[in-house]
Amino acid sequence: MVGNLFITFEGPEGAGKTSVLKIIHERLKENNIDVLMTREPGGIEIAEKIRGIILDPAHTNMNERTEALLFAAARAQHFFEKVVPALEAGQHVLCDRFIDSSLAYQGFARGLGVDEVLSINQFAIGQRLPDLTILFDLAPEIGLARIQAGRVEEINRLDEEGLAFHKQVRAGYKEAVRRYPERIRIINAEQPMDNVVEDVWSILSEVLG
Ligand code: TMP
């Protein structure tokens, strides 16, 4: 691949994505590779505020359509304020979660429909999809056990959903892979963290050179 790339990282709770990305970001800097590292929902002020509303554990009565629209709203603001300018300025952008989270969580696990959620997201961001997506795959039982063991930094409203929901999230990601087999690469996130880091690093070395 040539040119500057938009790369996203996806996966369920407890996959270790955020910790792995911190290590990867440091390594990229050591190798003088200029990337913008960001996350969803959030990444800039307005979207971080929307994140606070969506993920607040007190908001147990949030309607699932409201949830899907708020994720899409946060995505639009973050995309146009931060991602697009960075890509236009020639930087690679690495983003922790993007549209596939909405397809898996809202479209599939919440049952709103993958096509419906895709369509509100196409309204939010236009047709641009990531050039590459790395999916951290692991059994939901393992992800939830990691959360319960306190190995994640923040417990949010979606983390508090039960095993059945998290199984649906995994099935939702499988559906995303079925639709976008060229774009999404799967890595085994059940491995020890060092191995996961190496798997991500080897894919990034391949595409970023
Ligand atoms: P994080 O904890 O990985 O930052 O993600 C926040 C939570 O939001 C996580 O439970 C996944 C969820 N989420 C969605 O349900 N839909 C989305 O579109 C995004 C970006 C995140």
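User: How do you know that S2 and strand S3 (residues 92-96) pair in the parallel sense?

Analyst: Two strands pair if DSSP finds at least two bridges between them, and S2 and S3 have 5 bridges in the parallel sense. For instance, Leu36 has Val93 in S3 as its bridge partner. Strands here are DSSP runs (E, at least two residues), numbered from the N terminus, as are helices (H or I, at least four). This is a predicted model, where local features need pLDDT of at least 70, side-chain atom pairs count only at pLDDT 80 or more, and totals for chains, interfaces and linings use all residues. Residues are numbered from 1 along each chain as its sequence is written, and side-chain values use heavy atoms, with hydrogens and water left out.

User: Why do strand S2 (35-39) and strand S5 (184-188) stand at the edges?

Analyst: The order of the open sheet is S2-S3-S1-S4-S5, with parallel pairing. S2 and S5 each have a single partner strand, so one side of each is left without a neighbour in the sheet.

User: What makes the approach of Arg97 to the ligand a polar contact?

Analyst: A polar contact is a pair of N or O atoms within 3.5 Å; within protein, one must be able to donate a hydrogen and the other to accept it, and residues adjacent in sequence count only if both atoms are side-chain atoms. A polar side-chain atom of Arg97 lies 2.7 Å from an oxygen atom of the ligand, and the pair therefore fits the cut-off. The side chain of Arg75 has an N or O atom 2.9 Å from a ligand oxygen, and for Gln106 the distance to a ligand nitrogen is 2.8 Å.
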